[in-house]
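Hello,

Here is the structure we talked about. Please open it first, then read my notes below.

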Amino acid sequence: MTITIYHNPDCGTSRNTLALIRQSGEEPEVIEYLKTPPSREKLVELIAAMGMTPRELLREKGTPYAELDLGNLKWTDDEILDFMLAHPILINRPIVVTPLGVVLARPSEAVLDFLPNPDIGPFTKEDGEVVIDAGGKRVA
């Protein structure tokens, strides 16, 4: 079974998502999308699989979103894709591809609904937030 995560190791949500996947017993293909951005075709495919628009996948925080005036509705989907390809940091993350679907794992525990084995035992995020308690029950 293949699981792929478009990952940013500097992002806590991305690190937590990767840890959830690994705790489920899977070792995903990790693509550091800032170093190896997806092609235009792959990005379009991922967005479609998540049922989103390119605008919905834009990341604002810590990106050139404001400087590029990306909140302006004048930009078409194709133009937004161009911006994402020119500035991969604009692609929100982590995106996880599993046999059960594709998800923008924000919050990180959203990935649990897409894992073949979501019963992973207790899990606490890096910041101390308990996601799954000692009894195996989701807290969030």
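Is aspartate 82 buried, partly exposed or exposed? Aspartate 82 has 40% relative accessibility, so it counts as partly exposed. Keep in mind that this is a predicted model.

**Salt bridges**

Aspartate 82 has a partner. Its side chain meets that of arginine 40 in a salt bridge, at 2.6 Å from N to O. Arginine 40 sits in helix α2 and aspartate 82 in helix α4, so the pair ties together parts that are 42 residues apart in sequence. Arginine 40 is partly exposed as well, at 24% relative accessibility. Asp78 joins in: Arg40, Asp78 and Asp82 form a network of salt bridges.

How many salt bridges does the structure hold? There are 9. Here are two others to look up.

- Arginine 15 pairs with glutamate 126, and their closest N and O atoms are 2.7 Å apart. This pair links distant parts of the chain. Arginine 15 is in helix α1 (residues 12-23), while glutamate 126 is in the loop between β5 and β6 (130-132), 111 residues apart. Arginine 15 is partly exposed, with a relative accessible area of 33%.
- Lysine 125 pairs with glutamate 109, at 2.9 Å from N to O. Lysine 125 is in the loop between β5 and β6, and glutamate 109 is in the loop between β4 and β5. They are 16 residues apart. Lysine 125 is buried, with a relative accessible area of 11%. Glutamate 109 also counts as buried, at 11% relative accessibility.

**Helix α2**

Now turn to α2, which covers residues 40-49. Which of its residues are buried? They are Leu43, Leu46 and Ile47. Look down the helix axis: the buried residues fall within an arc of 100 degrees, so they line one face of the helix. The face turned away from that buried side carries Glu41 and Ala48, which are exposed.

What covers the buried residues of α2? The cover includes three strands, β1 (4-7), β3 (95-98) and β4 (101-104), and two helices, α3 (54-57) and α4 (77-86). Just after α2 comes glycine 51, with a positive phi of about 70 degrees.

**The sheet**

Next, find the open sheet of 4 strands. Its order is β2-β1-β3-β4, and the pairing is mixed. β2 (29-32) and β4 stand at the edges. Each has a single partner strand, so one side of each is left without a neighbour in the sheet. On average, neighbouring strands are turned by 15 degrees against each other, ignoring direction.

Inside the sheet, β1 and β3 run antiparallel, joined by 3 bridges. Tyrosine 6 stands opposite isoleucine 95 in β3. Helix α1 lies across β1, β2 and β3. It runs at about 165 degrees to β1.

**Alanine 105**

One last residue. Where is alanine 105? It is in the loop between β4 and β5 (123-124). It is buried, with a relative accessible area of 0%. Leaving aside neighbours within four places in sequence, alanine 105 is in contact with Thr13, Thr17, Pro94, Val96, Ala110 and Val111. Now compare leucine 115. Alanine 105 and leucine 115 are 10 residues apart in sequence and 12 Å apart in space, C-alpha to C-alpha.

Best wishes

Notes. Residues numbered from 1 in each chain as written. Predicted model: local features only at pLDDT ≥ 70, side-chain atom pairs only at ≥ 80, totals over all residues. Heavy atoms only, no water. Buried < 20%, exposed > 50% of the residue type's maximum accessible area, 1.4 Å probe, protein only. Arc of directions from axis to C-beta. Contact = heavy atoms within 4.5 Å. Salt bridge = Lys/Arg side-chain N within 4 Å of Asp/Glu carboxyl O. Pairing = 2+ DSSP bridges. Axes fitted to C-alpha atoms, helices over the stretch in contact; angles between N-to-C directions.
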